[in-house]
Amino acid sequence: MKFTWGHAVILAFLAFCGYIGFLVYSCTQTNFDLVSKEYYKDEIVYQQVIDGTNRANALSSKINLVKENGHFTLRLPAELQSKKVKGTVWFYCTAAAGRDRKVDFESFADMPLEIRQPLLPGNYTAKIGWYAEEKYYYAEQPIAIQ
């Protein structure tokens, strides 16, 4: 049997079909994590985040989250230190949703809050939302864990 241009066309077509099949398979195996499972519900209440960010920016100093000695220390602005503060720190990992951690906190005194939460290495965004005197405040801070 002699190899002709017809055989070449059939082989090219089969190679193309195999390549398209490989692309379809690899696309179905890719994991796409959304920021939130209830994305549209969160979008409706996003105005609260905007207002909380404006309130947090109006404070005399910013909320500060620092990694010290294997744990995180959360320092509140001076005008909030003598007030009852209750909130949540969400360590949001952009690479994988399985690395996300949420930590609730409550403060009654002037002392900084210690958060002992193990995190895997990677880039995180600390999304901090808190209530003080029935007002909502919100701040974000990037964190890199080595």
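Is glutamate 134 buried or exposed, and what is its relative accessible area? Glutamate 134 is exposed, at 79%. The notes below come to this residue again after the strands around it. Keep in mind that the model is predicted.

1. **Start with strand β3.** This strand covers residues 85-93. Seven of its nine residues are buried, so mostly covered is a fair label. Look here before moving outwards.

2. **One partner of β3 is β4.** Strand β4 spans residues 101-107. The two strands run antiparallel, and seven bridges join them. For a landmark, find valine 89: valine 103 in β4 stands opposite.

3. **Another partner is β6.** Strand β6 takes in residues 122-132. β3 and β6 are also antiparallel, with nine bridges between them. Cysteine 93 is a useful marker, with tyrosine 124 of β6 as its bridge partner.

4. **β6 also pairs with β7.** Strand β7 runs over residues 135-145. Its pairing with β6 is antiparallel and uses 11 bridges. Tyrosine 131 and tyrosine 136 face each other across this pair, the latter in β7.

5. **Now the turn between β6 and β7.** These strands form a hairpin with two residues between them. Glutamate 133 lies in this loop, and so does glutamate 134. What is the phi of glutamate 133? The angle is near 55°, a positive value in a residue that is not glycine. Glutamate 134 also has a positive phi, about 60°, and is not a glycine either. Most residues other than glycine have a negative phi. Check both angles in the viewer.

6. **Exposure in that turn.** Glutamate 133 counts as exposed because its relative accessibility is 55%, and the cut-off is over 50%. Glutamate 134 passes that cut-off too, because its value is 79%.

7. **A buried lysine in β6.** Lysine 127 sits in strand β6. What is its nearest side chain of opposite charge? That is glutamate 140, 4.3 Å away. A salt bridge needs a distance within 4 Å, so this pair does not count. Lysine 127 is therefore buried without a salt bridge. Leaving out residues up to four places away in sequence, lysine 127 touches several others, among them Val35, Thr88, Trp90, Tyr138 and Glu140.

8. **The nonpolar core.** The largest core holds 26 residues. Leu65, Leu74, Phe91, Ile128 and Trp130 have the most contacts inside it. Strands β2 (71-75), β3, β4, β5 (113-115), β6 and β7 each supply at least two residues of this core. β6 gives the most, with five.

9. **Isoleucine 128 up close.** This residue is one of those with the most contacts inside the core. Setting aside neighbours within four places in sequence, isoleucine 128 is in contact with residues including Ile63, Leu65, Leu74, Val89, Phe105 and Tyr137. Select isoleucine 128 and trace these contacts one by one.

10. **Cysteines without disulfides.** How many disulfides does the structure hold? The count is zero. Take cysteine 17: the closest cysteine sulfur, in cysteine 27, is 16 Å away, so the two are too far apart for a bond. From the side of cysteine 27, the closest cysteine sulfur is that of cysteine 17, again at 16 Å. Their surroundings can be compared by relative accessible area. Cysteine 17 is partly exposed, at 35%. Cysteine 27 counts as exposed, at 54%.

Note on methods:
Residues are numbered from 1 along each chain as its sequence is written. This is a predicted model: local features need pLDDT of at least 70, side-chain atom pairs count only at pLDDT 80 or more; totals for chains, interfaces and linings use all residues. Side-chain values use heavy atoms; hydrogens and water are left out. Buried means under 20% relative accessible area, exposed over 50%, partly exposed in between (1.4 Å probe, protein chains only). Helices (H or I, at least four residues) and strands (E, at least two) are DSSP runs, numbered from the N terminus. Two strands pair if DSSP finds at least two bridges between them. Lys and Arg count as positive and Asp and Glu as negative; His and the chain ends are not counted. Contact means heavy atoms within 4.5 Å. A nonpolar core is a set of buried Ala, Val, Leu, Ile, Met, Phe, Trp, Tyr and Cys residues joined through side-chain atoms within 4.5 Å. A disulfide is a pair of cysteine sulfur atoms within 2.5 Å.
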